[in-house]
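Hello,

Here is the structure I promised to pass on to you. Have a look at it first, and then read my notes below with the view open beside you.

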Amino acid sequence: MQELVKLIQEAVIDISNALKFPDTSYSEEKNSSGDTQLKFDVLSDEIITHHLSKSKALKALISEEKEEILKFNENAQFIVAYDPLDGSSLMDVNFAIGSIFAIYKEEVSPKNLKAALYSIYGARLELVCCEGEEVKLYRLNEGGKFDFVKELKMAEKGKINATGGTQKFWDNKHANFIKGLFEEGYRLRYSGAMVSDIHQILLKGGGLFSYPATKDAPNGKLRALFEIFPLAFIIEKAGGATTNGQNASLLELEFHQIHATSPCFFGSEYEINKLLKAYNG
Ligand code: AHM
Ligand code: MG
């Protein structure tokens with residue numbers, strides 16, 4: 001698995017370099033979620049495939065930008081699922097975006113999640129990696145290597161409320177819950193790149209990121225295998241909590257389609273407990 005982590009590091013450095021002088025235009029293709037692909041979505045996907053396919057330990061790749069599973073060595077152990085460029089609709093406004101990776105052993109299930117990583121392409125390149133129990137923040141140094149910065153931990157309760165989904169399609173239960181958090185003093189922070197919004201919550205030590213079921217997207221928008229599971233793994237290992245509104249953890253869910261979506265909530269213990277009470281009475 002170490003080799004895969006190293007290859008992910010190489011891939012995100014290449015993507016970060018390419019982002020300095022990017023082509024921000026759209027291609028003519030749509031991905032499986034129906035989003036028109038940016039040329040840079042496709043390029044990021046190619047960069048990651050190019051690096052990871054060097055590993056003999058790679059059984060298959062699952063990407064937001066690939067319709068089907070891409071199979072490699074059948075006897076190998078690891079399947080990597082990834083979102084090559086999360087928040088890519090913000091490329092034109094030059095906000096921080098990132099790549100998200102989940103490393104599964106043998107079968108794609110949250111029970112088999114062995115590591116989760118994400119990169120942030122902001123003013124500097126950062127990588128958050130959880131391979132065991134600790135969530136570690138790294139920063140790229142001038143020599144092109146990642147330096148360990150610190151371990152990330154969530155507090156019991158935060159101050160940030162990152163509220164996803166179109167508000168006019170929220171149901172009353174969700175709208176009242178979100179309103180209640182603002183009345184308690186929570187501050188709105190929402191960029192539109194899940195990876196950056198969750199990074200902010202992790203770095204500031206707490207808060208809530210929500211992407212609920214809505215009337216226009218009853219199963220939510222965010223994808224389980226390469227967005228929800230890896231970020232839930234990181235948040236929970238950092239001492240936070242997650243839910244889909246009913247379950248005690250997003251990591252209890254199972255999906256059979258590679259592009260399946262789910263409502264999802266990531267936060268500190270306090271906000272997730274409050275949400276479970278508001279949702280389930
Ligand atoms: P993407 O992977 O195509 O960029 O889509 C996922 C993004 C998330 O990063 C973000 O939280 C969400 O879509 C934003 O959606 P919305 O504009 O509905 O708030
Ligand atoms: Mg995404």
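**Aromatic rings, a metal site and salt bridges**

Let me begin with a single residue: at 18% relative accessibility, Tyr-138 counts as buried, because the limit for that word is under 20%. Please keep in mind that this is a predicted model.

Tyr-138 is a good way into the aromatic pairs, of which a search of the whole structure finds 6. A pair of aromatic rings is described by the distance of the centres and the angle of the planes. For Tyr-138 and Phe-148, the ring centres are 5.8 Å apart and the planes stand at 65°, so this pair is edge-to-face; the label applies to angles over 60 degrees. Tyr-138 belongs to strand S9 (residues 136-140) and Phe-148 to strand S10 (residues 146-151), so you will find the two residues 10 apart in a pair that links distant parts of the chain. Unlike the buried Tyr-138, Phe-148 counts as partly exposed, at 47% relative accessibility.

Now try another pair, Phe-265 and Tyr-279. Their planes meet at 70° and their centres are 5.5 Å apart, so they are edge-to-face as well. This pair also links distant parts of the chain: Phe-265 is in strand S15 (residues 264-267), while Tyr-279, 14 residues away, is in helix H6 (residues 269-280). Are these two residues buried or exposed? Phe-265 is buried, with a relative accessible area of 0%, and Tyr-279 counts as buried too, at 14%.

Tyr-279 has a charged partner as well: the charged end of Lys-173 sits over its ring, 4.8 Å from the centre. You can see a similar arrangement at Tyr-270, where the charged end of Lys-157 sits over the ring at 4.7 Å from its centre.

Two more groups of side chains deserve a click. One aromatic cluster is formed by Tyr-190, Phe-209 and Phe-266. Tyr-190 turns up again in a nonpolar surface patch of about 270 Å², which it makes with Phe-182 and Leu-188. Phe-182 has its place in helix H3 (residues 172-183) and is partly exposed, with a relative accessible area of 33%.

Next, please find the magnesium ion (ligand 2). Which residues are its protein donors? They are Asp-83 (OD), Asp-86 (OD) and Glu-227 (OE), and they lie 1.8 to 2.1 Å from the ion. Along the chain, the donors follow the spacing D-x2-D-x140-E. Asp-83 counts as buried at 0% relative accessibility, and Asp-86 is buried with a relative accessible area of 5%.

Glu-227 is one of the buried residues of helix H5. In this helix (residues 224-237), 12 of the 14 residues are buried, so H5 is largely enclosed by the rest of the structure. Among the buried ones you can also pick out Phe-226, Phe-229 and Phe-233. Just after H5, look for Gly-239, which takes a positive phi of about 100°.

Glu-227 has a further role in my notes: together with Asp-35, Glu-64 and Arg-223, it is linked in a network of salt bridges. How many salt bridges does the structure hold? The count is 17, and here are three that I would show you:

- Lys-59 and Glu-106 form a salt bridge in which the closest N and O atoms are 3.8 Å apart. Lys-59 lies in strand S3 (residues 58-63) and Glu-106 in the loop between strand S6 (97-105) and strand S7 (113-121), so the pair ties together parts that are 47 residues apart in sequence. Glu-106 counts as partly exposed, at 35% relative accessibility.
- Arg-124 and Glu-126 meet through their side chains at 2.7 Å, N to O. Arg-124 is partly exposed at 46% relative accessibility, whereas Glu-126 is buried at 6%.
- Lys-179 and Glu-183 have their closest N and O atoms 3.6 Å apart. They are 4 residues apart in helix H3, so about one helical turn separates them. Both Lys-179 and Glu-183 are exposed.

If you have time for just a short tour, I suggest going from the magnesium ion to Glu-227, one of its donors, and on to the salt-bridge network that includes Glu-227.

Happy exploring, and best wishes

Terms used:
Residues numbered from 1 in each chain as written. Chains lettered and ligands numbered in written order. Predicted model: local features only at pLDDT ≥ 70, side-chain atom pairs only at ≥ 80, totals over all residues. Heavy atoms only, no water. Phe/Tyr/Trp six-rings, centres within 6.5 Å; stacked < 30°, edge-to-face > 60°. Buried < 20%, exposed > 50% of the residue type's maximum accessible area, 1.4 Å probe, protein only. Lys NZ or Arg CZ within 6 Å of the ring centre and 35° of its normal. Patch = residues over 30% accessible without salt bridge, like charges linked within 9 Å, V, L, I, M, F, W, Y side chains within 5 Å. Areas by Shrake-Rupley, 256 points an atom, 1.4 Å probe, with all protein chains shown as cover. Salt bridge = Lys/Arg side-chain N within 4 Å of Asp/Glu carboxyl O. Donors = N, O, S within 2.8 Å, 3.2 Å for Na, K, Ca; no water.
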